[in-house]
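I opened this notebook to record what I looked up in one protein model. The entries follow the order in which I consulted the coordinates.

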Amino acid sequence: MQPIKFIHMADTHLGNQQYNLPERKRDFNKAFNWVLNKSITEEVDFILLAGDVFNSNNSEPETIAAIYQMISEFKNNSMQNLKREIPIIAIEGNHDKSNISTKRSWLQFLAELELIILLSPKTNNKEEYTIFKFVPYSENKKNPGMIRIKDTCIYGIPSYGAMTKTYFPDIYNALPDSSDTFNILMMHFGINGQVINKLGFEMSEDLKLLHKKVNYLALGHFHKKYALPKNKEWVFNPGSLEVTDAREIWENYPRGIFLVEVHDKENPNIRHIPWVKGKSESPDEIPNRFFADITIDIGKNDSSSFKEALSYILESLKIILEKKGTAHLKKNDLELPIVLLTLNGTISYSRLEVNINKLKERIKEKYDVLDVRVFSGSVKSEIDGIVVDISSEKSLEEIEKDVFLQLIEQHPDYEPHKNDIIQLMLDLKSSILDPKKNFDQLRNQIKLWWRSHISLPQGELNKN
Ligand SMILES: [Mn+2]
């Protein structure tokens, strides 16, 4: 076969303004642009983009403008440097899908502008999809299901969510028997067991059967790199290009892109190019935002108040953050860190004293960081009967529900009515805040609730 070389990436999540920071949106663009430039220096034949190109189909104009500009420049650069264009071949991931109200996805729009080639098989639009045809790009440039480049055939299926796995037999039947070509199938789903707490599909017999017709299954969806099965890999997932979730840092996910060279279709040469924290001089590392993962035990210093703990935290951070010497950095520099600060330990004062916002403020005043995220869910107090998880990731409503739940759980008698009581407490809270309601009305509200939920002799309540 004619040798080919390609890049396989996925989950670029463009437009992701993580933590509400405009810089983060730019970081995602930077990582994407890095891969486009890399594909020129590597002189690849094509790029695979296996879904979740955008973080959302509700992308803002500036996200669309940025991708338009990046791909246009990339096309010009490849024409200049290689005298040819490098096709970008994509499928829709779950994040790219249009919804009923929008009908059209941004990826479809980019395909209409001929910036990318979007693959999707022709389906009968009855109740359930039956995938029946991969229309070649050479026959229909508007709605192709496959494209042939040299001796390589690339087929693409968009994400159909949980239904996707039911189509494996249909996909198998629709794929031609072409043993003389190198066959790539692009899909968007995860495989069970690869990422903790993330549900995917099993390596079922239906899925394994695809290997009879597919040499390289190019996946996206899970943000972690993996290649399966271990003894003879043919299923590949590159992982996301940037950090989309703190968990990816805590669990140290390998992520990046695959650079694949095929001379002998039974033995493709597959290299993973990984991400790296901050900038890098190496052409074989994808620069990402620097995340500083720091854990501090605030029970360890015997502080008797949060004020004391605060100085201890700031002092502990000094050693870690000042060593980095980030003072000269601008917000756009990838070296300027986002601090993921996990607090744990047992404190001698109330958890209600732990003021996360003040802590964040003080850290930002004192150190050069892009942002601070504080996770304090596992801090315990010696004096609190109730443990309040005041981590920044919880909404006020969730915290309230937690508190109410714990109050109720202290009284076993209330247990059977737990959820109803929480609802009553939430209702009462909003009644108290309503200036139009007076005390009698509140008392009646409780009485009514009591009568409809718990049958007690009438006299009991009227006493109070
Ligand atoms: Mn994704």
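The entries below go from the metal site to the strands, and then to the aromatic residues.

**Entry 1. Status of the model.** I note at the outset that this is a predicted model.

**Entry 2. Metal site.** I asked which residues coordinate the manganese ion. I found D11 (OD), H13 (NE2), D52 (OD) and H223 (NE2) as its donors, at 2.1 to 2.4 Å. Along the chain I read the spacing of these donors as D-x1-H-x38-D-x170-H. I then placed D52 in the loop between β2 (46–49) and α2 (61–82), and H223 in the loop between β10 (216–220) and β11 (226–228); the pair therefore ties together parts that are 171 residues apart in sequence. I also checked whether D52 and H223 are buried or exposed. Both D52 and H223 are buried.

**Entry 3. The seven-stranded sheet.** I traced an open sheet of seven strands, in the order β4-β3-β2-β1-β13-β14-β15, with mixed pairing. Its edge strands are β4 (117–118) and β15 (286–288), each of which pairs on one side only. I looked further at β15 and found that β14 (residues 269–277) pairs with β15 in the parallel sense over three bridges. Within β15, I286 is the bridge partner of W275. I also noted a charge at W275: R255 lies over the face of this ring, at 4.3 Å from the ring centre.

**Entry 4. Helix α1.** I asked which strands helix α1 (residues 22–41) lies across. They are β1 (4–9), β2, β3 (88–90), β13 (256–262), β14 and β15. Relative to β1, I recorded that helix α1 runs at about 175°.

**Entry 5. Strand β19.** I turned to strand β19 (residues 371–375) and found it mostly covered, with five of its five residues buried. As general background, side chains in a regular strand alternate between the two faces of the sheet. In β19 I found D371, R373 and F375 on one side and V372 and V374 on the other, all of them buried, so that both faces are covered. I then looked up the pairing of β19 with β17 (residues 338–344), which is in the parallel sense over five bridges. F375 in β19 stands opposite T342.

**Entry 6. Aromatic pairs.** I asked how many aromatic pairs the model holds. The count comes to 13 aromatic pairs. One that I examined, W106 and F109, is edge-to-face, at 5.5 Å centre to centre and with 80° between the planes. W106 and F109 are three residues apart in helix α3 (residues 106–112), and are thus separated by about one helical turn. I recorded W106 as partly exposed, with a relative accessible area of 25%, and F109 as partly exposed, with a relative accessible area of 27%.

I next examined F134 and Y155, which also form an edge-to-face pair, at 5.1 Å centre to centre and with 75° between the planes. F134 lies in the loop between β6 (130–133) and β7 (146–149) and Y155 in strand β8 (residues 152–156), so this pair ties together parts that are 21 residues apart in sequence. I found F134 buried, and Y155 likewise.

**Entry 7. Cluster and a further charge over a ring.** I identified one aromatic cluster formed by F6, F46, Y216, F236 and F258. Finally, I noted that K213 lies over the face of Y172, at 4.1 Å from the ring centre.

Key
Residues numbered from 1 in each chain as written. Predicted model: local features only at pLDDT ≥ 70, side-chain atom pairs only at ≥ 80, totals over all residues. Heavy atoms only, no water. Donors = N, O, S within 2.8 Å, 3.2 Å for Na, K, Ca; no water. Helix = DSSP H or I, 4+ residues; strand = E, 2+ residues; numbered from the N terminus. Buried < 20%, exposed > 50% of the residue type's maximum accessible area, 1.4 Å probe, protein only. Pairing = 2+ DSSP bridges. Contact = heavy atoms within 4.5 Å. Axes fitted to C-alpha atoms, helices over the stretch in contact; angles between N-to-C directions. Phe/Tyr/Trp six-rings, centres within 6.5 Å; stacked < 30°, edge-to-face > 60°. Lys NZ or Arg CZ within 6 Å of the ring centre and 35° of its normal.
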